Amino acid sequence: MSDENTFDIIIIGGGATGLGVAVDAISRGYKVLLLEAYDFGKGTSSKSTKLVHGGIRYLANLDFALVKEGLHERYYFLKNAPHLAQAQTYLVPFYSLWDKLKYYVGIKLYDFLSGKLKIGESKFLSREETLLSINTPDLQQKNLIGSAVYYDGQFDDTRLLISLLRTYLELGGVAYNYHQVTQILKDNLGKANGVSVLNTLNSATHKFMAKVIINATGTLTDSILDIDEPEQKHNHVTAAQGTHLVFNKEIFDSPHALVIPKTIDDRILFVLPWHNKIIVGTTDIAVEAAEIDPQPSVSEVDFILDTLRQYTKNKVYNSDIKAKFAGLRPLVKPKHNTNSAKISRKHEILMSNSNLISIVGGKWTIYRLMALDTIDFIIKHKLLENKGKSKTQELKLFGYTQEKREYPLSVYGTDYIKILQIQKETNNFAKLHPDLPYYQAEVIYHIRYEMAQTIEDILARRTRALFLDAKSAFECANLTALLMAQELDKPHAWVENQLRDFHLICKVYLP
Ligand SMILES: Cc1cc2nc3c(=O)[nH]c(=O)nc-3n(C[C@H](O)[C@H](O)[C@H](O)COP(=O)(O)OP(=O)(O)OC[C@H]3O[C@@H](n4cnc5c(N)ncnc54)[C@H](O)[C@@H]3O)c2cc1C
C-alpha cells in the first residue's frame, strides 16, 4: 500500500463530530484521512437549531454538569470563530408569578454555571420594558407580567463545518466527500487497520489503511458497527427527529430570539432570527430508522404553527412558511425506555473488539470537547503514540476575523476577498436570485475552494438558500447548474442529472 493511502487515523463521517476529531488530530500532528459518504454536513450537522448553548432546558433535569460543560464550550466556540458564531439575546416571556420565580432561579443558575466564561449578563424586564425592549407588537401581551433576557450563542452550522474543513486541510489533512465506507479491514489479529471505500459519484473503489479507525457517523453509528462485527446486532444509538419551520422575519421582528418555555409536550420552542429570516423549532419525536433526508411530518408542522400562534399576535399560517427542515439527533441509547426529549445529550466513546472507536451522542456546541476526549481516549488505550495535548482551545478557525461584514460575505471571514476577485475575474457581480442574498461568484468559490460537487452542496450547505427559502432555491437551481457546468466543464447530461436530483431534495424543504 502506497504511503499516500496509509494514515495514523481514518475518520468515518464528515459531520460536526468527524470534522471536530479531524481538526483535533491533525493539529496534534497525526496523519489523518476523513471520509464522508455524501457531502460534509449532509447528515444532522446541517439541520440543527443553530444554538451554541449550555442547554437551559436540561436544568430541569438537574443535569448541571452537562449544562456547565456546554456553557464552557460555548465560550471557546464563539471565541475561535467570531465570523460564524455570535452571542444572541434570548427573551423568555412569563405570564404568571410562579413562572417568573422559576425562570429567575433557572437563568441565574445558568449565569452562575458559566462562571468566568460568561458571554453576557442576564436581566429581568417588567411588562412595559419587555414590550419596549422587543420593540415589536408581535408578542402575545394578554396576561404578560414581564420577561427574562439571557445570553447564548448562535451560529451557521454548515459554514462552521466548512471552516473546520478548511482549517483541517490547511494543517495538512486529507478529506473526501462522496466516499462511503463499505467495509472495515482487519489485520491477522482481527484488529481494524483499514477501510474499503466506494466513490459514490463515479463508482470507483479504494482501500485506505490506518493504525486507528474512528466511527463518527452520528445516527448511522450502529450501521458501521454492524459491518465491523457482522455477527452481532448493535443498538447503541437512537434517533429523535426535530423539525424546524422558516418564515420571513416579519412574523416576529425582534433583535431577541423568543423562547417559548413550555410546549404541550413539555419542551422549549425557539423563535430565532437567522440570516434575515426566522427559524422556529424544534420538535422531538423518536424514529425507528435513521434516514439521511428525514421529512418533516404534517403533525410536526401543525404543532409548531399552533404553539407559535399562542405567543404571536400576528396569526401565522402554512402559506407563510418559506422552508421546513428536519434533523435526527444521534442520542446514546438509554438502558431503559424513555421519552426521547428526556434522553441525556451526553457523549460516549466506545471501543469494539477490533479496536474500532465510535464517538456517539453530544451536540454541536461541544464538538471540540468530544474530539479532544476521543483522541485522549485513543492515546490512553495506547492505540497511537502520544503527541501531546489538544491544541484546539486556542485554535482560531479558518477565516477568523472580528471585523463585521454583511451577510453573506460575513461567513467567509477573511477569505471574502476571493469572492470579490472572482467577481472581477468573471465580470459577474449579479445575484443568484432576486429573493436570495447570494452572489453568482460564490458558486465558483464553492467549487474552487470548498469541495462543492453538486447543486445541493451549494444551495443547501455552502449557501443556505434551501433552508431559508426553498422556492427561491428551486428557482435558481438551473442557473446554479449552468455556472457549475461551466466551471467544471461538464456536459448537458450532467446538468440534467443534477437538476433531477436537486428537484427531488427540494420536496423535503418546500412548504
Ligand atoms: C433538530 C436538531 C436540532 C439540533 N440543534 C442543536 C443546536 O441548536 N445546538 C447544538 O449544539 N446541537 C444541536 N443539535 C445536535 C447536533 O446537530 C448534533 O449532535 C450533531 O450535528 C451531530 O453531528 P455528527 O457528526 O455526530 O452527525 P452527522 O452530522 O449526522 O454526521 C455523520 C456523518 O456520517 C456520514 N456517514 C454515515 N455513514 C457513512 C459511511 N458509511 N461512510 C462515510 N460517511 C458516513 C453521514 O453521511 C453524515 O454526514 C441538534 C440536532 C437536531 C437533530
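Here is a short tour of this structure, one selection at a time.

**Start with the domains**

Before you click anything, keep in mind that this is a predicted model. Colour the protein in three pieces: domain 1 (3–45 + 158–235 + 342–394), domain 2 (60–154 + 238–332) and domain 3 (409–509). You'll notice that domains 1 and 2 are each written as several stretches of the chain, while domain 3 is written as one.

**Next, the ligand**

Now select the ligand and show what surrounds it. How many residues surround the ligand? There are 38, and the closest are Gly13, Gly15, Gly43, Gly218 and Gly242. Three elements each give two or more residues to this shell: helix H1 (16–28), strand S8 (179–186) and strand S16 (323–332). Which of the elements gives the most? That would be S16, with 4 residues.

Try colouring the shell by residue type: you should get 13 nonpolar, 19 polar and 6 charged residues. Then bring the domain colours back. Why does the ligand lie between domain 1 and domain 2? Both domains give residues to the shell around the ligand, so the ligand lies between them.

**Zoom in on H1**

Select residues 16–28, which make up helix H1, one of the contributors to the ligand shell. H1 has 13 residues, and from its first C-alpha to its last it reaches 18 Å. That is close to the 18 Å expected at 1.5 Å a residue. Is H1 mostly covered or mostly uncovered? Mostly covered: 13 of its 13 residues are buried.

While you look along it, a general point helps: an α-helix has 3.6 residues a turn, so residues three or four places apart point the same way. Step just past the end of H1 and you land on glycine 29, which has a positive phi, near 110°.

**Over to strand S6**

Jump to residues 146–155, which is strand S6. Here 9 of the 10 residues are buried, so to speak of S6 as mostly covered is fair. Which strands should you show alongside it? Let's take three, one after another.

- Show S3 (residues 51–52): 2 bridges join S3 to S6, and the two run antiparallel. Valine 52 stands opposite glycine 153.
- Show S4 (residues 85–94): S4 and S6 are antiparallel too, with 10 bridges joining them. Pick proline 93 and you'll find serine 147 as its bridge partner in S6.
- Show S5 (residues 123–126): 4 bridges join S5 to S6, again antiparallel. Lysine 123 has valine 149 as its partner.

**Follow the pairing onward from S4**

Keep S4 on screen and add S12 (residues 257–260). S4 and S12 pair in the parallel sense, over 2 bridges. To see one of these pairs, click tyrosine 90 in S4, whose partner in S12 is alanine 257.

From S12, hop to S13 (residues 269–274), where the pairing is antiparallel, over 3 bridges. Leucine 258 stands opposite valine 271 here.

**Last stop: where domain 2 meets domain 3**

Zoom out and show domains 2 and 3 together. Their centres, taken over C-alpha atoms, are separated by 30 Å. At the meeting place, 11 residues of domain 2 are in contact with 12 residues of domain 3. On the domain 2 side, the largest share, 3 residues, comes from S16. That side divides into 4 nonpolar, 3 polar and 4 charged residues.

You have met S16 before: it also gives the most residues to the shell around the ligand.

Definitions and conventions
Residues numbered from 1 in each chain as written. Predicted model: local features only at pLDDT ≥ 70, side-chain atom pairs only at ≥ 80, totals over all residues. Near = placed C-beta within 6 Å. Nonpolar A, V, L, I, M, F, W, Y, C, P; charged D, E, K, R; others polar. Domains from an automatic or database assignment. Expected span 1.5 Å × (residues − 1). Buried ≥ 20, exposed ≤ 12 C-beta atoms within 10 Å, placed from the backbone. Pairing = 2+ DSSP bridges. Contact = placed C-beta atoms within 7 Å.
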